[in-house]
Amino acid sequence: MDSCQPQFPLSDLKDVIEDSRDIDIKSHAYSETMNEEKPMRRKPLHSISSPEPMFGFFLYCLDCLVSLVLAILVIPIVLLVLYVLKFGRWVLLTYIRYKYNCIPLEDDDAVWQQDSATNRHIIHALMILEGQPDVEKLKKLVCERLVFKVDDNGERVCSRLTQAVKECCGQFVWQEEENFDINDHFAVWEGDLPKNKDELEDVIAELGPLPFRRNLSPWKFHIIPTKYEKPSYCFLLRIHHSIGDGVGLTRVFVKYMYDSPPVGREPRKFSTKQRMYMWCKAMLMGPSLVVKKFFTSADVSAVHGQELSGLKTASWSQDVSLALVKEVKNATGTTVNDVMVSCIAGALHDYLETRGSTVEDMCASVPVDIRATEQSLKAGNKFALVFMKLPIKVNGCLERLYEAKKRMDVIKTSAEPLITSTTVTMLMALPQWFSCPLIDFFSCKMSCVLSNIPGPLELLSIGGQQVYEGLFFPPMRANIGIGLSIFSYGGKIRIGVLSDKNIISNPREITAGFNKHFNHLVSTLQIDDQKKHE
């Protein structure tokens with residue numbers, strides 16, 4: 001196992017100043033997890049970077065020159081082809097809209113219809129409420145607060161909840177259910193009632209591979225009563241990614257479904273100038289980045305490359321105090337996300353090592369929110385997936401933390417999110433039989449999905465019943481077999497693991513490893529022991 005002791009004398013270490021962009025990894029309105037104030041100048045335990053050698057600077061300049069040449073040669077051709085394809089598709093979608101009275105899916109939504117029986121693109125959002133479930137009351141609340149709720153402009157907040165996804169002329173479209181019935185979107189668990197967390201995890205895993213009924217809007221609430229010491233039940237939402245991403249759905253749910261929505265300001269997004277700068281950077285670096293990703297080799301390890309079974313396993317970690325995580329990030333000049341990612345990487349390091357597999361960094365698909373405004377309260381998909389190498393083979397928990405920060409900062413300051421989003425949009429202008437294999441080709445290079453959605457800081461309630469725990473599991477694409485999540489709620493933060501059974505048969509090893517590495521980090525930094533229990 002790797003050591004958690006610092007490997008350098010304190011006298012040799014340098015100052016580090018946190019300097020991150022405003023783009024948040026799956027951030028949303030009601031949490032400060034990813035929107036923290038930057039810590040004041042401090043002396044962290046380890047320097048995260050050193051001056052680049054001249055050779056490295058020369059390579060960077062060469063890369064920029066090649067990118068510029070490719071951009072000059074490729075962008076005019078790409079734009080011409082894109083406009084032709086877009087115009088042709090616009091004509092087809094206009095015909096479909098008026099001929100068949102349905103709404104074509106946007107490109108960002110339609111791409112999630114390219115799923116398979118072994119990897120369905122379904123988001124699992126779970127809440128544990130106190131008390132006994134009143135099923136009829138919950139159905140009424142869902143109808144009033146979500147399904148038929150209208151905003152101040154008289155528009156339905158989430159009209160897709162009554163619309164089924166169908167295919168027309170080779171395009172995916174939204175079409176109203178013929179006879180919407182809320183009973184079709186609710187189910188009560190009829191198996192053995194879970195008596196503890198492990199048994200509840202097994203129930204979630206059993207529900208994971210289930211498909212949605214055709215001709216119905218692709219979402220469903222599952223009510224799972226428990227036999228915990230105190231009366232409680234699990235309120236599980238399974239919803240297809242085509243309806244919306246985690247940020248959009250969380251905003252809608254928090255704003256309308258809870259009894260008293262939290263009051264908080266949105267984290268600051270890109271300014272107009274920053275977005276313009278990023279778009280210019282994306283046009284310059286886009287062609288070379290796509291070529292690099294195309295020729296990047298796929299991960300090969302004990303947790304990637306095997307055939308998927310379609311069966312799922314699920315687990316989530318013990319809660320960690322969000323205040324304690326912030327103590328760690330303040331002591332090291334990092335962020336909450338850096339701390340969580342480094343501990344997940346440590347858990348994966350141990351998992352690979354115990355199985356005798358080669359311990360190498362693995363590539364994660366990280367969703368990045370690219371919404372231009374923080375005021376959006378509509379469900380939908382507005383994010384991009386970027387590549388990030390998890391620092392798994394790095395030894396030492398502090399060294400791993402600073403390496404995680406270094407790599408996350410690269411994502412925050414790069415134009416890769418806009419490049420990948422534009423690339424997917426261009427591919428979706430092509431026929432499905434061509435675009436789906438291409439997008440899967442890029443997805444197959446990654447071992448896991450890693451998603452972070454900060455939740456409300458305070459405990460909320462639904463129908464007078466307090467929601468005292470929350471979590472979500474992201475879906476995976478192509479042959480990716482691991483979905484990792486980070487979620488904060490009510491002053492606590494936890495991780496979740498949803499995996500194909502052929503990839504990780506016992507995900508509790510990962511979640512337990514996360515807690516172990518976090519505790520090692522706290523001990524190494526000698527943070528006040530009393531704060532561990534706050």
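1. Let's start with the small sheet: three strands, ordered β1-β4-β3, make an open sheet with antiparallel pairing. Its edges are β1 (103-104) and β3 (163-168), each with a single partner strand, so one side of each is left without a neighbour in the sheet. Strands here are DSSP runs of E of at least two residues and helices are runs of H or I of at least four, numbered from the N terminus; two strands count as paired if DSSP finds at least two bridges between them.

2. A word on the basis of this note. The model is predicted, so to speak of local features a pLDDT of at least 70 is needed, side-chain atom pairs count only at pLDDT 80 or more, and totals for chains, interfaces and linings use all residues. Residues are numbered from 1 along each chain as its sequence is written, and side-chain values use heavy atoms, with hydrogens and water left out.

3. Now the pairings within that sheet. β1 is joined to β4 (residues 171-176) by two bridges, and the two run antiparallel. Ile103 sits opposite Trp174 of β4, while Pro104 sits opposite Val173. Trp174 is also the residue that Val165 stands opposite.

4. The β3 and β4 pair is worth a look too. Six bridges link these strands in the antiparallel sense, and Cys168 stands opposite Gln171 in β4. Their hairpin has two residues between the strands, and Cys169 takes a positive phi near 55 degrees there.

5. A second open sheet has six strands in the order β5-β6-β7-β2-β14-β13, with mixed pairing. Here β5 (186-188) and β13 (460-462) are at the edges, each with a single partner strand, so one side of each lacks a neighbour in the sheet. From one strand to the next, the twist averages 30 degrees; axes are lines fitted to C-alpha atoms, for helices over the stretch in contact, and angles run from 0 to 180 degrees between N-to-C directions.

6. Helix α5 (residues 246-256) packs on this six-stranded sheet, where it touches β2 (122-130), β6, β7 (232-240) and β13, and its direction makes about 30 degrees with that of β2. Contact means heavy atoms within 4.5 Å. At the β5 edge, three bridges join β5 to β6 (residues 219-225) in parallel, and Phe186 has Phe221 in β6 as its bridge partner.

7. Please look at one helix pair as well. The axes of α9 (residues 397-413) and α12 (residues 508-525) come within 10 Å and cross at roughly 105 degrees. That makes α9 roughly perpendicular to α12 (angles under 35 degrees count as roughly parallel, over 145 as roughly antiparallel, 65 to 115 as roughly perpendicular and the rest as oblique). On the α9 side the contact is made by Cys397, Leu398, Arg400 and Leu401, and on the α12 side by His517, His520, Leu521, Thr524 and Leu525.

8. Lastly, charges. The whole structure holds 22 salt bridges, each a side-chain nitrogen of Lys or Arg within 4 Å of a carboxyl oxygen of Asp or Glu. One of them joins the side chains of Arg145 and Asp259 (2.8 Å, N to O). Arg145 lies in helix α3 (residues 135-147) and Asp259 in the loop between α5 and α6 (272-295), so the pair ties together parts that are 114 residues apart in sequence.
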